[in-house]
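Please take a moment to look over the sequence and the model below, and then follow the explanation one part at a time.

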Amino acid sequence: TSIDLERVIHQLDFDVYLPTKQCNLQRPFVWTLAQQQELIRSVLFGRAIPDVCIVAHEINAKKDIYQVIDGKQRLTTLINFIQGKFDVDGYIFKDFGRDFLNFVKIKCVMYYSDQDRPITDEQKIGLFKLINFSGTEHL
């Protein structure tokens, strides 16, 4: 599955608050400028970028919220670059125009949740652990 980043940017939930744990699933944005620049270079040079994992939660028939289970650092970096918050080797997003978005090749593993069958906090934690720790507890 792929997502249209420009279309859903305002529907992305990077914090994914877990009410049963009273905390957010992911850490804050922590990537350095060098890490962000390297991701953009990876996009431009066609290097493999790991999949992101998102839970699409239907709010109503016209709107979804996309909870980012894994990929917060990567997606935030792409958004920051598109919004002109940093350059890479002297180039900014506007230098590439919309053509830059054609280079973005990140797959999205999408899970669906709705009012009738919501994905639980435990299931979200399980997805996060599976992706990040291969099912093994991180110490």
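In this predicted model, helix α6 runs over residues 121-133, and because a helix is expected to advance 1.5 Å a residue, its 13 residues should span 18 Å, which agrees with the 17 Å that separate its end C-alpha atoms. The buried residues of this helix are Asp121, Lys124, Ile125, Leu127 and Phe128. Viewed down the axis of α6, these buried residues fall within an arc of 160°, so they line one face of the helix. The spacing fits a general rule: an α-helix has 3.6 residues a turn, so residues three or four places apart point the same way.

Helix α6 belongs to a protein chain with 6 helices and 6 strands, which follow one another along the sequence in the pattern α-β-β-β-α-β-β-α-α-α-β-α. Among the contacts in the chain with a separation of 6 or more, 68% join residues that lie 24 or more positions apart. Of the 139 residues in the chain, 39% are buried, while the chain as a whole exposes about 8700 Å², of which carbon and sulfur atoms supply 52%.

The cysteines deserve a separate look. A search of the whole structure finds 0 disulfides, and for cysteine 53 the distances show why: its closest cysteine sulfur, in cysteine 108, is 7.4 Å away, too far for a bond, given that a disulfide requires sulfur atoms within 2.5 Å. Cysteine 53 counts as buried, at 2% relative accessibility, whereas cysteine 23 is partly exposed, with a relative accessible area of 35%.

How values were computed
Residues are numbered from 1 along each chain as its sequence is written. This is a predicted model: local features need pLDDT of at least 70, side-chain atom pairs count only at pLDDT 80 or more; totals for chains, interfaces and linings use all residues. Side-chain values use heavy atoms; hydrogens and water are left out. Helices (H or I, at least four residues) and strands (E, at least two) are DSSP runs, numbered from the N terminus. Buried means under 20% relative accessible area, exposed over 50%, partly exposed in between (1.4 Å probe, protein chains only). Contact means heavy atoms within 4.5 Å. Accessible areas come from the Shrake-Rupley method with a 1.4 Å probe; for residues, only the protein chains shown count as cover. The expected span of a helix is 1.5 Å times one less than its number of residues. The arc is that of the directions from the helix axis to the C-beta atoms.
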